[in-house]
Amino acid sequence: MKLSHVVHTLRHFCLSFEGRVSWIAKFSSIKDTTFSELPAAYVVPLDDKAQNNKSKTDYWQNVIEGFGVIVVLKLIGEQGKQEVYDLVENIKVDLWQVLLGLELTPSHYPIQYDGGKLLDLDKDRICYQFNFSSVREIGFEDTRQYFDLKVADNPIPVPDWQFDPNNPGITKPPLYNPLNIGNFDTISGTANQQDSGVTISFLNNNIYEDNNDN
């Protein structure tokens with residue numbers, strides 16, 4: 001989950017903060033990034049919780065991605081605890097109206113509320129964290145197998161290739177071979193060499209080992 005999407009949404013649609021929304025890695029970092037005016041909000045990452053792959057023949061897995069919104073409110077005068085938590089309640093409702101049901105990407109389920117907790121309270125301010133989460137669905141198109149299939153149809157240069165001064169005639173990187181079998185001649189559709197005793201034939205659409213008549 002990209003926290004920048006959450007920050008952008010709160011800045012533009014949660015009017016309580018008047019744009020005073022940022023992100024931090026942890027609560028202790030707030031002291032170094034405190035806004036001069038309050039209320040303000042800080043989006044913080046929470047744990048991902050991965051569930052088991054639900055498919056036996058493909059890839060289908062859900063990941064619960066969490067984030068928190070730490071709200072910092074200014075206490076005015078001798079506000080009682082009841083009034084303080086009324087402020088917290090008002091902010092919570094504002095956050096609900098902006099975030100609940102929001103789908104950050106086509107792969108994300110709607111955001112849901114997971115509860116809140118008091119982080120800090122003194123004579124000047126209160127810090128309260130509201131937790132949210134969204135289920136993200138991982139499918140076959142997110143896997144390495146899908147990437148390799150796309151590369152097989154649209155070859156790309158080997159990513160880590162470097163020019164070898166001992167072979168000055170080779171000035172371009174070879175094409176990435178997703179099957180890792182020999183060196184492909186993408187024009188003729190044949191393998192130029194054998195690797196580990198394996199031969200590939202695009203013409204007959206088969207792969208076989210040496211000395212194997214099957």
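Is Cys 14 buried or exposed in this structure? In the predicted model, Cys 14 has a relative accessibility of 3% and therefore counts as buried, since the cut-off for that class is under 20%. Cys 127 is likewise assigned to the buried class, because its relative accessible area is 0%. The structure nevertheless holds zero disulfides, as no pair of cysteine sulfur atoms lies within 2.5 Å.

The strands of the model form an open sheet of five members, arranged in the order 1-2-3-5-4 and with mixed pairing. Strand 1 and strand 4 are the edge strands, each of them pairing on one side only, and the twist from one strand to the next averages 25 degrees. Within this sheet, strand 3 and strand 5 run antiparallel to each other and are paired over 14 bridges, a pairing in which Glu 65 stands opposite Ser 134 of strand 5. Strand 5, which spans residues 125-138, also pairs with strand 4, residues 112-121, again in the antiparallel sense and here over eight bridges. The connection between strand 4 and strand 5 is a hairpin of three residues, and in this pairing Cys 127 of strand 5 is the bridge partner of Asp 120.

The nonpolar residues of the model were examined next. In soluble globular proteins, nonpolar side chains tend to be buried together. The largest nonpolar core comprises 26 residues, of which Leu 10, Phe 67, Val 69, Leu 95 and Leu 99 have the most contacts inside it. At least two residues of this core come from each of helix 1, strand 2, strand 3, helix 2 (81-99) and strand 5, with helix 2 giving the most, namely six residues. When residues up to four places away in sequence are not counted, Phe 67 touches Met 1, Leu 3, Val 6, Val 43, Val 44, Leu 46, Leu 99, Ile 111, Phe 130, Asn 131 and Phe 132. A second core, separate from the largest one, contains seven residues, among them Ile 24, Ile 70, Val 72 and Cys 127. Cys 127 thus combines a place in this second core with a bridge to Asp 120 and a relative accessible area of 0%.

A polar residue of the sheet was also considered. Asn 62 is located in strand 3, which covers residues 61-74, and it counts as buried because its relative accessibility is 8%. With residues up to four places away in sequence again left out, Asn 62 is in contact with Lys 49, Ala 50, Gln 51 and Lys 54, and also with Val 135, Arg 136 and Glu 137.

Two features of the backbone concern residues in loops. Most residues other than glycine have a negative phi, and most peptide bonds are trans. Glu 18, by contrast, has a positive phi near 50 degrees although it is a residue other than glycine. Glu 18 is placed in the loop between helix 1 (3-13) and strand 1, where its relative accessibility of 62% means that it counts as exposed. The peptide bond that joins Leu 38 and Pro 39 is cis, with an omega of about 5 degrees, and Pro 39 belongs to the loop between strand 1 (21-23) and strand 2 (40-50).

Conventions
Residues numbered from 1 in each chain as written. Predicted model: local features only at pLDDT ≥ 70, side-chain atom pairs only at ≥ 80, totals over all residues. Heavy atoms only, no water. Helix = DSSP H or I, 4+ residues; strand = E, 2+ residues; numbered from the N terminus. Buried < 20%, exposed > 50% of the residue type's maximum accessible area, 1.4 Å probe, protein only. Contact = heavy atoms within 4.5 Å. Pairing = 2+ DSSP bridges. Core = buried A, V, L, I, M, F, W, Y, C linked by side-chain atoms within 4.5 Å. Axes fitted to C-alpha atoms, helices over the stretch in contact; angles between N-to-C directions.
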